[in-house]
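Colleague: Please give me a close look at the largest pocket. Begin with how helices cross, then work towards it.

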Amino acid sequence: MAIPLPDGLTTPALVVDPDVLDRNISRMAEASRSQGFTLRPHAKTHKCAQIADRQLRAGARGLSVATISEAEAFARAGVDDLFIAYPVWLDADKARRTRRLADEVALRVGVESVEGAQRLGDAVRGSARPVEALIEVDSGTHRTGVPPHAVGGVGKAAADAGLDVVGVFTFPGHGYGHHPQARERAARDEERTLSEAAQVLRDLGLDIRVISGGSTPTAGRWRPGTVDELRPGVYVFNDAAQLAIGSCTSEDLALVAAATVISTPAADRFVLDVGTKVLGADTSPSVTGYGYLPEFPQATITGMWEHHAVVRLPEGVRGPSLGMLVAVVPNHVCTPVNLADELLVARNGEVVDRWEVTARGANT
Ligand SMILES: Cc1ncc(COP(=O)(O)O)c(C=O)c1O
């Protein structure tokens, strides 16, 4: 585990190792570049202008975001090429804000219904720059997205609404599954479904030039040829779920929650001052409990309250003493970052910088 926690830290706090972060960023950038993929990392993981800047300087083409307010936050921070990789449903306020973004930055937006496409078309008609639409395809996650054979109706509606339909995208979330082949299969699913969907749209006469896929688990499983743009997010920090499914090693963990032992009620149990308000409550089919403690790998976080994490140890394993600082690797790193105001940047046990979570709580 790479992050020695600074002494005297006020906890809970999220602590980032900038060297591990930079290595994760450059490794993904290099892997994408060498295979001819455009990298458009998903910024919902870090929500942080300094990290976006590092990704862009390493060669990312632009950023992917999940919400209009994340796009607004990164546009304010100077990022001028943004893809809202989400099938937005525009109410009056969101329509106004999307139109403003379209006047300011190069904007792509996800579409997966005829009605959604019409609302988006109405909102951005006459904007300074034409908004590009990517049709969302369901590659097996069964979240949002249309089956590849059915993209024609949505694509045509988007084009009729005046949008520039440039491509297709998918999120291969089923790559997070427990099966040892889940990552490989999800990568193949995204290639197959995106390629079918792109052909359906080309047959309608649309000029499809962006085929966007990717997630952290399918990173390293990509084959050049079909997909041309990748949107991994979690890879910047990694987390306990990525470690458990083998898409990173413990050397690649760039963020931990620093916690203090506030109670040692029994030999096999201790309590930390991080709860759901800091770590979130995400679970993963591949992780037992609510996080991973690198210094106590046999420990399990069995219970979470708002401000408490209860940790169990197997019999005979010695735990930390009262007042000790303990690092917790979150199960799913995006949630704690979204709950934090700032990230402490620490090198060799010293806080060297503090980065604001620029798009904190930007969820509309
Ligand atoms: C649409 C979309 N693209 C890309 C990603 C990034 O994938 P990951 O979080 O596995 O890095 C996500 C994550 O949820 C997503 O929803």
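**From helix crossings to the pocket**

Modeller: Helix α4 passes helix α5 in a right-handed crossing (the near helix is turned clockwise from the far one by less than a right angle; anticlockwise would be left-handed). This is a predicted model, where local features need pLDDT of at least 70 and side-chain atom pairs pLDDT 80 or more, while totals for chains, interfaces and linings use all residues. Residues are numbered from 1 along each chain as its sequence is written, and side-chain values use heavy atoms, without hydrogens or water.

Now the angle. α4 covers residues 92–104, α5 covers 114–124, and their axes lie 8 Å apart at about 60 degrees. That makes α4 oblique to α5. Helices are DSSP runs of H or I with at least four residues, strands are runs of E with at least two, and both are numbered from the N terminus. An axis is a line fitted to C-alpha atoms, for helices over the stretch in contact, and angles run from 0 to 180 degrees between N-to-C directions. Under 35 degrees is roughly parallel, over 145 roughly antiparallel, 65 to 115 roughly perpendicular, and the rest oblique.

Next pair. Helix α6 (151–160) and helix α7 (182–203) come within 9 Å, axis to axis, and cross at roughly 50 degrees. They are therefore oblique to each other. Their crossing is right-handed.

Then helix α1. Its axis comes within 10 Å of that of helix α2 (49–57), and the two cross at roughly 40 degrees. So α1 and α2 are oblique as well. α1 passes α2 in a right-handed crossing.

Two backbone details come from this part of the chain. T11 and P12 are joined by a cis peptide bond, with omega of about -5 degrees. P12 sits in the segment before strand β1 (13–16). K47 is not a glycine, yet its phi is positive, about 50 degrees. K47 lies in the loop between β2 (38–39) and α2.

α1 leads us to a pocket. It covers residues 18–35 and gives six residues, the largest share, to the lining of the second largest pocket. A pocket here is an open set of points on a 1 Å grid over the protein atoms alone, where a 1.4 Å probe fits and protein lies on both sides within 12 Å along at least five of seven lines; lining residues have an atom within 4 Å of a point. The second largest pocket holds about 260 Å³ (space filled by probe spheres on points joined across faces, edges and corners). R27, M28, A219, Y235 and S247 are the closest to its centre, out of 18 lining residues.

Now your target. The largest pocket holds about 660 Å³. Its lining has 36 residues, and H42, K44, R143, F171 and H332 lie nearest its centre. Two elements, β4 (81–87) and α8 (240–245), give two or more residues each to this lining. β4 gives the largest share, three residues. By class, the lining has 14 nonpolar, 15 polar and seven charged residues (nonpolar: Ala, Val, Leu, Ile, Met, Phe, Trp, Tyr, Cys, Pro; charged: Asp, Glu, Lys, Arg; polar: the others, including Gly).

Where does the largest pocket lie? Domain 1 (80–232) and domain 2 (248–356) both give residues to its lining, so the pocket lies between them. These bounds come from an automatic or database domain assignment. The C-alpha centres of the two domains lie 35 Å apart.
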